[in-house]
Amino acid sequence: MATNITYHPTPLTPAVRSTLRKQSGLTIWLTGLSGSGKSTIAVALEQALLRPPYNLHAYRLDGDNIRFGLNKDLAFSPADRTENIRRIAEVAKLFADSCSVAITSFISPYRADRDLARKLHQEARHSADAADGEDGEGGEGGLPFIEVWVDVSVEEAERRDPKGLYKKAREGIIKDFTGISAPYEEPLRPEIHIRSEETGVKDAVKQVVAYLDARGLLRREEGLVEG
């Protein structure tokens with residue numbers, strides 16, 4: 001990191017920003033094997049949060065999509081995978097700090113990388129820290145980080161194989177493929193555990209929304225009904 005830089009705060013505290021935006025920011029981090037259904041669930045979840053009764057600002061950050069732009073310089077080596085997750089964790093943190101709901105859909109196979117993403121949110125440097133004379137660590141309790149494990153067996157993911165990637169991995173065409181020639185380290189204590197082989201997309205979205213509701217992380221606008 002460069003040494004000739006200084007953090008430039010804004011007078012907006014997280015509480016003030018949340019009041020003005022009429023919502024709180026958070027990151028919903030979907031992790032799981034390729035073919036687990038992460039992206040499909042993320043798409044449906046984004047639509048559910050954008051529409052009544054929530055009408056929240058939500059945005060989906062998809063693993064493949066990000067590699068067309070921000071992370072197009074990265075491959076799939078362990079080092080590149082780690083940097084891929086570090087960058088998207090920083091981006092998701094900014095979305096959450098702006099009082100948006102960031103929905104990430106990344107295989108993110110390594111626990112250490114997911115733990116780093118969580119730590120970045122927990123230690124988020126908030127807007128008014130400098131004005132309050134704080135050190136910028138932790139702010140008002142950090143930003144909510146919800147790890148969602150979309151759990152599927154390798155056998156089921158390979159049976160689905162929507163992109164034909166497992167077939168190519170078995171043939172040696174694709175190297176370092178998670179679940180075949182590269183590891184996936186299962187979450188130990190995810191906030192939400194979706195068993196993809198038993199749970200449809202609609203029910204998966206309901207499971208996530210129910211958790212967020214129970215935590216008081218969603219708000220409903222009075223007089224609005226689901227469309």
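Is Asp-64 buried, partly exposed or exposed, and at what relative accessibility? I began my entries with this residue and found that Asp-64 counts as partly exposed, at 39% relative accessibility. I note at the outset that the model is predicted.

**Entry 1: the chain as a whole**

I counted eight helices and five strands in the protein chain. Reading along the sequence, I recorded the pattern α-β-α-β-α-α-β-α-β-α-α-β-α. The chain has 227 residues, of which 43% are buried. I then looked up the contacts between residues at least 6 apart in sequence; 73% of these join residues at least 24 apart. For the surface, I noted an exposed area of about 12200 Å², with 52% of it supplied by carbon and sulfur atoms.

**Entry 2: the sheet**

In what order do the strands of the open sheet lie? I read the order as β2-β3-β1-β4-β5, five strands with parallel pairing. The edges are held by β2 (58-62) and β5 (192-195); each has a single partner strand, so one side of each is left without a neighbour in the sheet. Direction ignored, neighbouring strands of this sheet are turned by 20 degrees against each other on average.

I next went through individual pairings. Strand β1 pairs with β3 (residues 101-105) in the parallel sense, over five bridges, and in this pairing Leu-26 stands opposite Val-101. Strand β1 also pairs with β4 (residues 145-151), again in the parallel sense and over five bridges; here I found Trp-29 opposite Glu-147. Between β4 and β5 the pairing is parallel over four bridges, and Asp-151 stands opposite Arg-195 of β5.

**Entry 3: strand β1 and its cover**

How many of the six residues of strand β1 are buried? I found that six of the six residues, 26-31, are buried, so the strand is largely enclosed by the rest of the structure. Both faces are covered: Leu-26, Ile-28 and Leu-30 are buried on one side, and Thr-27, Trp-29 and Thr-31 are buried on the other. I also noted that helix α8 (residues 201-214) lies across β1, β4 and β5 and runs at about 170 degrees to β5.

**Entry 4: salt bridges**

I obtained a count of 14 salt bridges and looked up several of them.

Asp-64 and Lys-163 meet through their side chains in a salt bridge, at 2.7 Å from N to O. This pair links distant parts of the chain, with Asp-64 in helix α3 (residues 63-66) and Lys-163 in the loop between α6 (154-160) and α7 (165-170), 99 residues apart. Lys-163 is partly exposed, with a relative accessible area of 47%.

Glu-158 and Arg-170 form a salt bridge at 2.8 Å, N to O. I placed Glu-158 in helix α6 and Arg-170 in helix α7, 12 residues apart; this pair too is recorded as linking distant parts of the chain. Glu-158 counts as partly exposed at 27% relative accessibility, whereas Arg-170 counts as exposed at 53%.

Glu-90 and Lys-93 meet in a salt bridge at 3.0 Å, N to O. Both lie in helix α4 (residues 78-97); because they are three residues apart there, about one helical turn separates them. Glu-90 is partly exposed, with a relative accessible area of 26%. For Lys-93 I found a relative accessible area of 17%, and this residue is therefore buried.

Finally, I noted a network of salt bridges that links Asp-73, Glu-83, Arg-86 and Arg-87.

**Entry 5: Asp-113**

Which side chain of opposite charge is nearest to Asp-113, and how far away is it? I found Arg-114, at 7.8 Å. Asp-113 is buried yet has no salt bridge. A salt bridge requires a side-chain nitrogen of Lys or Arg within 4 Å of a carboxyl oxygen of Asp or Glu, so the distance to Arg-114 does not qualify. I located Asp-113 in helix α5 (residues 111-122). Leaving out residues up to four places away in sequence, I recorded that Asp-113 touches Arg-81, Thr-82 and Ile-85.

Terms used. Residues numbered from 1 in each chain as written. Predicted model: local features only at pLDDT ≥ 70, side-chain atom pairs only at ≥ 80, totals over all residues. Heavy atoms only, no water. Buried < 20%, exposed > 50% of the residue type's maximum accessible area, 1.4 Å probe, protein only. Helix = DSSP H or I, 4+ residues; strand = E, 2+ residues; numbered from the N terminus. Pairing = 2+ DSSP bridges. Lys, Arg positive; Asp, Glu negative; His and termini not counted. Contact = heavy atoms within 4.5 Å. Areas by Shrake-Rupley, 256 points an atom, 1.4 Å probe, with all protein chains shown as cover. Axes fitted to C-alpha atoms, helices over the stretch in contact; angles between N-to-C directions.
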